[in-house]
Amino acid sequence: MPELILVPTPIGNLDDITLRAIKVLQSADLIFAEDTRVTKKLLNHLGIQKMVMPFHAHNEHKVLGSVVDKIKSNETTVLVSDAGTPAISDPGFLLVRAAIEEGIKVSCLPGPTALIPALVASGFPCDRFCFEGFLPHKKGRQTKLIQLAQEERTVVLYESPHRLTKCLGQIEEFFGAERRVCVVRELSKIYEEYKRGPVTEVKKWYEDHPPKGEIVIIIEGKDEK
Ligand code: SAM
């Protein structure tokens, strides 16, 4: 029976690849990747030589049918993204849904993703949480922020470094200056950093120290103290 396996890859530290991920990549008949160059670099590092084909956000809809056909004509197909778990703010969901509809066996290995370590180390409750990924840039952003300001669970957002202070300013505006946040930067990399405190203070810190790298914002839930 053909099988599709989603394989999480490191978000910074190559040592975070799991033994099982290496085994699955070694035995795959075919690998689909968000950026074939990024994945080939990882495979070279692991000493694995495999055919890697593109499956990225720009061609996801268009190639869905032919990718499903390829999965059906192989035993084991792997989907990876550039970093972390495929389908988490990355391409993958459409393929998983289409594969399930075609009766293909689908599974995802446990492994690296940015949201879980950021949430767990934030110090905010993580028994329940709300992951929003990247907020919309323009249309719908304000509505979403107003809605999230009422959220009682811890909120997890992805954000780019050049939008961070603007985003923290909007959290200050819609959630209140006292709402506590934890900005997690460069997880698993040399300059890994956590800034925790009321949003006004954290925003000020990043205005004085413009950030680089990759960022997760954790916001405490409403009335959580
Ligand atoms: N699929 C990935 C995952 O499982 O987390 C997410 C991919 S999304 C395109 C990339 C975003 O994830 C970044 O902009 C950042 O918000 C977050 N991210 C990825 N790696 C990170 C890291 N090492 N430290 C902090 N955030 C990271």
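Helices here are DSSP runs of at least four residues, numbered from the N terminus. Keep that in mind for Ile171, which sits in helix α7, residues 164-175. The model on your screen is predicted.

**Stop 1: Ile171**

Select Ile171 in helix α7. Is Ile171 buried or exposed? Its relative accessibility is 0%, and buried means under 20%, so Ile171 counts as buried. Now show what surrounds Ile171. Setting aside neighbours within four places in sequence, Ile171 is in contact with Gly176, Val181, Val199, Ile217 and Ile219. Next, add Thr36 to the selection. Ile171 and Thr36 are 135 residues apart along the chain. Their C-alpha atoms are separated by 36 Å.

**Stop 2: the two domains**

Zoom out. Colour residues 3-108 as domain 1 and residues 115-219 as domain 2, following the domain assignment. How far apart are the centres of domain 1 and domain 2? Taken over C-alpha atoms, the centres are separated by 29 Å. The domains do touch: six residues of domain 1 are in contact with nine residues of domain 2.

**Stop 3: the largest pocket**

Stay with both domains coloured. Where does the largest pocket lie? Domain 1 and domain 2 both give residues to its lining, so the pocket lies between them. It holds about 480 Å³ of space.

Select Ala83, Ala114, Phe134, Tyr158 and Glu214. Of the 25 lining residues, these lie nearest the centre of the pocket. Now show three strands: β7 (154-159), β8 (180-185) and β10 (215-219). Each supplies at least two residues of the lining. Colour the lining by class. You will find eleven nonpolar, six polar and eight charged residues.

**Stop 4: Thr154**

Follow strand β7 to Thr154. With a relative accessible area of 2%, Thr154 is buried. What does the side chain of Thr154 reach at 2.7 Å? It reaches the backbone oxygen of Pro125. Show the contacts of Thr154 beyond four places in sequence. Among them are Leu119, Phe124, Pro125, Arg128, Phe129 and Cys130. Ile218, Ile219 and Gly221 are in contact with Thr154 too. You met Ile219 at the first stop, as a contact of Ile171.

**Stop 5: Arg141**

Select Arg141 in helix α6, residues 141-149. Its relative accessibility is 6%, so Arg141 counts as buried. Which side chain joins that of Arg141 in a polar contact of 2.8 Å? The partner is Gln170. Leave out the neighbours within four places in sequence, and Arg141 is in contact with Leu135, Pro136, Glu159, Cys167 and Gln170. Gln170 therefore appears among the contacts of Arg141 and in its polar contact, and Arg141 itself is buried.

**Stop 6: Lys203**

Go to helix α8, residues 199-208, and pick Lys203. Lys203 has a relative accessible area of 17%; buried means under 20%, so Lys203 is buried. Display Thr165, Leu168, Gly169 and Glu172. Lys203 touches these four, not counting residues up to four places away in sequence. Then measure across to Lys166. Lys203 and Lys166 are 37 residues apart along the chain, and their C-alpha atoms are separated by 8.6 Å.

**Stop 7: Val96**

Move to helix α4, residues 93-101, and select Val96. Is Val96 buried or exposed? At a relative accessible area of 19%, Val96 is buried, because the cut-off is under 20%. Add Leu6 and Val106. Val96 touches both, not counting residues up to four places away in sequence. Val96 and Leu6 are 90 residues apart in sequence, yet 8.9 Å apart in space, C-alpha to C-alpha.

**Stop 8: two serines in loops**

Begin with Ser89, in the loop between β4 (76-80) and α4. Ser89 has a relative accessible area of 35% and is partly exposed. What is the phi of Ser89 near? It is near 50°, a positive value in a residue other than glycine.

Finish at Ser188. It is found in the loop between β8 and β9 (193-198). Phi of Ser188 is near 70°, again positive in a residue other than glycine.

Terms used: Residues are numbered from 1 along each chain as its sequence is written. This is a predicted model: local features need pLDDT of at least 70, side-chain atom pairs count only at pLDDT 80 or more; totals for chains, interfaces and linings use all residues. Side-chain values use heavy atoms; hydrogens and water are left out. Buried means under 20% relative accessible area, exposed over 50%, partly exposed in between (1.4 Å probe, protein chains only). Contact means heavy atoms within 4.5 Å. On a 1 Å grid over the protein atoms alone, a cavity is a set of points where a 1.4 Å probe fits but cannot get out, and a pocket is an open set with protein on both sides within 12 Å along at least five of seven lines; lining residues have an atom within 4 Å of a point. Grid points are joined across faces, edges and corners, and a volume is the space filled by probe spheres set on the points. Ala, Val, Leu, Ile, Met, Phe, Trp, Tyr, Cys and Pro count as nonpolar, Asp, Glu, Lys and Arg as charged, and the others, Gly among them, as polar. Domain bounds come from an automatic or database domain assignment. A polar contact is a pair of N or O atoms within 3.5 Å; within protein, one must be able to donate a hydrogen and the other to accept it, and residues adjacent in sequence count only if both atoms are side-chain atoms.
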